[in-house]
There are 2 protein chains.
Amino acid sequence: MIGELELILCDIGNTTFHFLIDDVEQKYFLNERLPDFNETIYYISVNDNATANLKHSNDDLVDLEQYVNFKTKYKGMGLDRKIACIGYDDAIIVDAGSAITVDIMKKAKHKGGFILPGLKSIKDLYPKISHKLQFDFNTKVNLDKIPLCTQDAISYAILQSIIEPIKKIRKKQQIIFTGGDGEFLSKYFENSIYKKDLIFENMKRIINANNCIA
Amino acid sequence: MIGELELILCDIGNTTFHFLIDDVEQKYFLNERLPDFNETIYYISVNDNATANLKHSNDDLVDLEQYVNFKTKYKGMGLDRKIACIGYDDAIIVDAGSAITVDIMKKAKHKGGFILPGLKSIKDLYPKISHKLQFDFNTKVNLDKIPLCTQDAISYAILQSIIEPIKKIRKKQQIIFTGGDGEFLSKYFENSIYKKDLIFENMKRIINANNCIA
């Protein structure tokens with residue numbers, strides 16, 4: 001059983017190596033020197049160059065992609081998105097990181113999804129459009145009132161541009177949030193939960209289901 | 001009456017001097033050398049530096065701001081937004097340029113508004129987040145189906161992030177679109193019209209109403 005074993009997981013993304021080492025998280029930027037862990041690393045990757053770097057410092061690696069049997073008609077779906085969806089029969093899965101991916105599972109089938117820019121990238125965009133759109137994000141802006149100042153006008157628009165497209169495709173399913181902004185965004189939706197370690201949890205499921213550990 | 005007179009209007013924005021010279025449009029970038037028009041220029045401006053440049057090349061200027069008596073509780077509303085709203089008692093006014101401003105007029109009162117990033121700036125944002133989010137915008141993406149490829153997943157999200165926040169605040173009013181992307185976006189809304197020269201039309205209304213022309 002996992003949990004009694006020491007286990008090293010790694011989620012290789014576009015900006016970091018995200019490790020879970022004996023249930024403790026650790027992040028390294030892609031240009032950082034990685035330690036030699038001297039143990040098996042079970043990884044998933046959406047970044048071939050970064051994967052090559054991990055292989056340079058560690059020999060004992062298991063690519064979990066080979067165990068992922070996720071059927072979808074969606075062309076070009078990232079491995080991390082697939083893994084986030086595993087185990088959900090009827091739900092919307094939202095991974096709110098540098099981009100915000102939104103995927104729909106219905107009757108245990110993946111029905112498709114869409115990709116919004118990440119919260120930080122949208123915030124940073126406004127002052128680049130005009131210095132008059134400099135603002136401090138108001139996390140408490142009232143979404144039931146039409147804004148009456150620039151700060152609220154932008155904060156409101158940012159939130160609604162994320163919230164409303166998700167509400168549009170939602171029937172009554174639960175929404176599962178993960179990613180750096182997942183907890184914050186989950187507060188705007190009824191019947192939603194935030195799973196900080198959704199990807200790692202599902203990597204463990206894959207390891208368990210496939211008896212990957214010798 | 002206007003229309004029989006030669007008339008030079010100028011809308012000074014964050015990226016261009018936008019002239020209407022005897023009903024013909026002409027744009028100059030802010031760093032371009034401006035001609036000496038030898039006639040009165042009726043202008044509005046949201047850009048003090050650019051206004052100073054116009055004053056450098058032309059003496060005979062009338063700032064229309066002094067004639068704009070637009071009441072609102074909104075703090076920091078740009079003059080161009082105010083002028084776009086003039087004359088509408090019950091409508092949503094959307095100026096889709098480098099930013100997309102959305103304003104609500106109800107019973108001849110301005111109720112507030114919000115500011116989305118411009119269409120081009122959102123399109124350009126994706127490949128900066130990740131090279132895997134390079135895409136060609138699909139202007140014909142079906143908004144009634146959940147996307148099944150990256151191109152559609154991004155195109156769909158961009159459109160819905162603009163359309164849905166506007167639909168959210170809309171009752172049954174007409175929507176007036178202007179700005180470079182106004183015509184394209186207006187197609188997604190029933191009971192909407194595109195007014196390419198909304199700002200210039202309203203500048204003429206102001207000139208007429210105030211007998212500005214000696």
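**Notebook: strand S9, the two copies, and Thr16**

I began with strand S10 (residues 192-194) of chain A and found that three bridges join S10(A) to S9(A), the two strands running parallel. I noted that the model is a predicted one. Within this pairing, A:Ile176 stands opposite A:Ile193 of S10(A).

Next I looked up the other pairing of interest. Strand S6 (residues 91-96) of chain A also pairs with S9(A) in the parallel sense, over five bridges. I took one position from S6(A): A:Val94 has A:Phe177 in S9(A) as its bridge partner.

Is S9(A) mostly covered or mostly open? I checked residues 174-178, which make up this strand, and four of the five are buried. I entered S9(A) as mostly covered.

I then turned to the two chains. I laid chain A on chain B: a turn of 180° and a shift of 0.0 Å along the axis give an RMSD of 0.0 Å. The two copies are therefore related as by a two-fold rotation axis. Which residue of chain A comes closest to the rotation axis? I found A:Ser161, with its C-alpha at 2.1 Å. Both copies use the same surface, since 100% of the contact residues of chain A recur in chain B.

My last entry is on B:Thr16. This residue lies in strand S2 (residues 16-21) of chain B. Its relative accessibility is 14%, and buried means under 20%, so B:Thr16 counts as buried. I listed what B:Thr16 touches, leaving out residues up to four places away in sequence: B:Asp11, B:Lys27, B:Tyr28, B:Phe29 and B:Leu30.

Note on methods:
Residues numbered from 1 in each chain as written. Chains lettered and ligands numbered in written order. Predicted model: local features only at pLDDT ≥ 70, side-chain atom pairs only at ≥ 80, totals over all residues. Heavy atoms only, no water. Buried < 20%, exposed > 50% of the residue type's maximum accessible area, 1.4 Å probe, protein only. Pairing = 2+ DSSP bridges. Least-squares fit on C-alpha atoms with pLDDT ≥ 70 in both. Contact = heavy atoms within 4.5 Å.
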